[in-house]
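Open the model in your viewer and keep the selection box handy. We will go from stop to stop, with a note on what to look for at each.

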Amino acid sequence: MVKSLDRTRSFAEAVEDFRKLEAEFVERAGDDEFDVRETRRRIAETILSLARDKRPPFDACRDAWNDLVRLGFSGIELECTMSYFYADCCAYDERPDEGLAVLDPLLAKLERLLEDTRGTGTEYPARFYENELERLGNLRDALLAQKRGEVVPWLETRREDEAAPPITAEEEQADALYDEFSKAKLVVFKTYGKSFDRSFADVAADYRRIEAEFVARAGEGEAFEDCVGAIKARTAEAILMAACSLRAPFQACRDAWDEFVRVGQDESWMYPEMFVKACLRNNEPEAGLAVVEPWIAEIEAQLQACKEPLRPPGETSVELNRQLKELHELRDKLMAMRSGGEPSTRGRSGAPT
């Protein structure tokens, strides 16, 4: 999978690799029909994912989708994910009707499944259905707008990509340098990521060495400036992850967090959550609250943005509300730590939890 995702490897080459893998494991499965079927499904899912990533001609995307439909889906989760991928391929090639033909019945199915959970008192799978209804519904709305001839700014299309200026030699070199850096960074992660038996100081030194090496190799020009910025951001993110996961002294975690804030580019909530939990472990409530308080305000603003029509893909209101609930719980723990007490055992409404 990692090899197939290489930027320089074509869709056809990646498909050939996976077909060979499929043939090998189908043969090894012998008469086990379940293993054979699931092996073929995993391969078909991967090929469709690669089609979305590498953007071959639309016929190849359609063939990948039809192959998957023929094999069937292992569950509703995969049906939703794969349907999103294919509908996104349809949007890219400006074929909204083909995407809508997949999404409309799936959305109706999700509505029925959600209705079946009413009154059961179970949070899951109801939350999953709600999340997918919003996520797939947003893409459906974009396809409808595309069908009406409206421009959806965030929707990538083949026509726009083909009209864009060709990649320059400088950009090609910068991309190749970044690819090489990513592979070197992964090697460092593998030295501790599974066993966590290396010291943070050694891991951080390895990351810094690689960062310095690739920054020094960067050339002049805007493409290399962007590349260097990305290298520094990925290094800061990697060091913060190492500091928190290896439970480095708190000052090291704080320094890593400050560097992440200064140069980091990742907007997911994984890295802030790591640091806040390090604050909890180290009895540093003020440092944790300094992250959590503005974070809560940001999530609340994002929830308002979720109500806007044709909003770009991103976290759904379902995901954001779950995140907000966890942030409130973290804030309660930090506030209790600040006052020297225990977190409240009463809900936000005042009822016991």
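Select Trp 65 first: this residue is buried, with a relative accessible area of 9%. Now add Tyr 86, which is buried too, because its relative accessible area of 3% falls under the 20% limit. This is a predicted model, and by the ring-pairing rule it holds 12 aromatic pairs. Trp 65 and Tyr 86 make up a stacked one, with 5.0 Å from centre to centre and 5 degrees between the planes. Show the helices and you will see the pair link distant parts of the chain: Trp 65 sits in H3 (residues 58-71) and Tyr 86 in H4 (residues 76-92), 21 residues apart.

Next, pick Phe 250 and Phe 275, another stacked pair, at 6.0 Å centre to centre and 20 degrees between the planes. Phe 250 belongs to helix H11 and Phe 275 to helix H12 (residues 270-281), with their positions 25 residues apart in the chain. Phe 250 is buried at 9% relative accessible area, and Phe 275 is buried at 2%. Add Trp 257, Phe 260 and Tyr 271 to bring up the whole aromatic cluster that these two Phe residues belong to.

Now for the largest pocket, with a volume of about 560 Å³. Select Glu 267, Ser 268, Trp 295, Glu 298 and Gln 302, which lie nearest its centre among 27 lining residues. Colour H13 (285-305) as well; H13 gives the largest share of the lining, eight residues. By type, the lining has 15 nonpolar, six polar and six charged residues.

Last, colour by pLDDT: the average is 92, but residues 344-353 stay under 50. Where pLDDT is low, the predicted coordinates should not be read in detail.

Conventions. Residues numbered from 1 in each chain as written. Predicted model: local features only at pLDDT ≥ 70, side-chain atom pairs only at ≥ 80, totals over all residues. Heavy atoms only, no water. pLDDT = per-residue confidence, 0-100. Contact = heavy atoms within 4.5 Å. 1 Å grid on protein atoms, 1.4 Å probe; cavity = no way out; pocket = protein on both sides within 12 Å on 5 of 7 lines; lining within 4 Å. Points joined across faces, edges and corners; volume = space filled by probe spheres on them. Helix = DSSP H or I, 4+ residues; strand = E, 2+ residues; numbered from the N terminus. Nonpolar A, V, L, I, M, F, W, Y, C, P; charged D, E, K, R; others polar. Phe/Tyr/Trp six-rings, centres within 6.5 Å; stacked < 30°, edge-to-face > 60°. Buried < 20%, exposed > 50% of the residue type's maximum accessible area, 1.4 Å probe, protein only.
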